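Here are some short exercises to try with the model open beside you. Have a go at each task before you read its solution.

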Amino acid sequence: MENNENMFELSAEELEKIAGGKNQKVRAVKAGVNIHELPGEKQRVIAKTTANAIANYTGELVYVEGKPWIRVKWDGKSGWILAKYVRVV
């Protein structure tokens with residue numbers, strides 16, 4: 001895992017690990033990260049993370065402008081978060 005300005009990014013091995021299965025858990029690495037309705041930084045924000053909160057990963061992974069986005073179920077909502085803001089639990 002690479003540390004970039006106090007944010008952790010999933011390694012290729014970790015992305016592969018979660019990409020292969022549904023209902024895995026991920027943990028937010030910091031509070032206030034946007035969860036979007038659709039993948040992409042310009043998409044509507046539907047929620048924000050809290051530090052160390054756990055979400056369910058749905059098994060969906062897409063790349064938008066070269067950045068990996070994963071779909072999560074967070075606080076009763078389904079949305080997308082940049083993979084670099086979560087860690088596999």
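**Exercise 1.** Find the salt-bridge partner of Glu 60 in this predicted model, and say which strands the two residues lie in.

*Solution.* Start at Glu 60 and look for a side-chain nitrogen of Lys or Arg within 4 Å of its carboxyl oxygens. Arg 71 fits, with the closest N and O atoms 3.6 Å apart. Next, place the pair: Glu 60 is in strand β6 and Arg 71 in strand β7, 11 residues apart. Finally, check the surface: Glu 60 is partly exposed at 35% relative accessibility, and Arg 71 is partly exposed at 25%.

**Exercise 2.** Which parts of the chain does the salt bridge between Lys 67 and Glu 41 tie together?

*Solution.* First, confirm the pair: the N to O distance is 2.9 Å. Then locate each end. Lys 67 belongs to strand β7, while Glu 41 sits in the loop between β4 (34–36) and β5, so the bridge ties together parts 26 residues apart in sequence.

**Exercise 3.** Is Arg 44 buried or exposed?

*Solution.* The cut-off for exposed is over 50%. Arg 44 has 51% relative accessibility, so Arg 44 counts as exposed. Its salt-bridge partner, Glu 37, has its closest atom 3.3 Å away and is partly exposed at 38%.

**Exercise 4.** Which strand gives the largest share of the largest nonpolar core?

*Solution.* This core has 19 residues, and Trp 74 is one of those with the most contacts inside it. Several strands supply at least two residues each, including β3 (24–28) and β8 (77–82). The largest share, four residues, comes from β7.

Note on methods:
Residues numbered from 1 in each chain as written. Predicted model: local features only at pLDDT ≥ 70, side-chain atom pairs only at ≥ 80, totals over all residues. Heavy atoms only, no water. Core = buried A, V, L, I, M, F, W, Y, C linked by side-chain atoms within 4.5 Å. Buried < 20%, exposed > 50% of the residue type's maximum accessible area, 1.4 Å probe, protein only.
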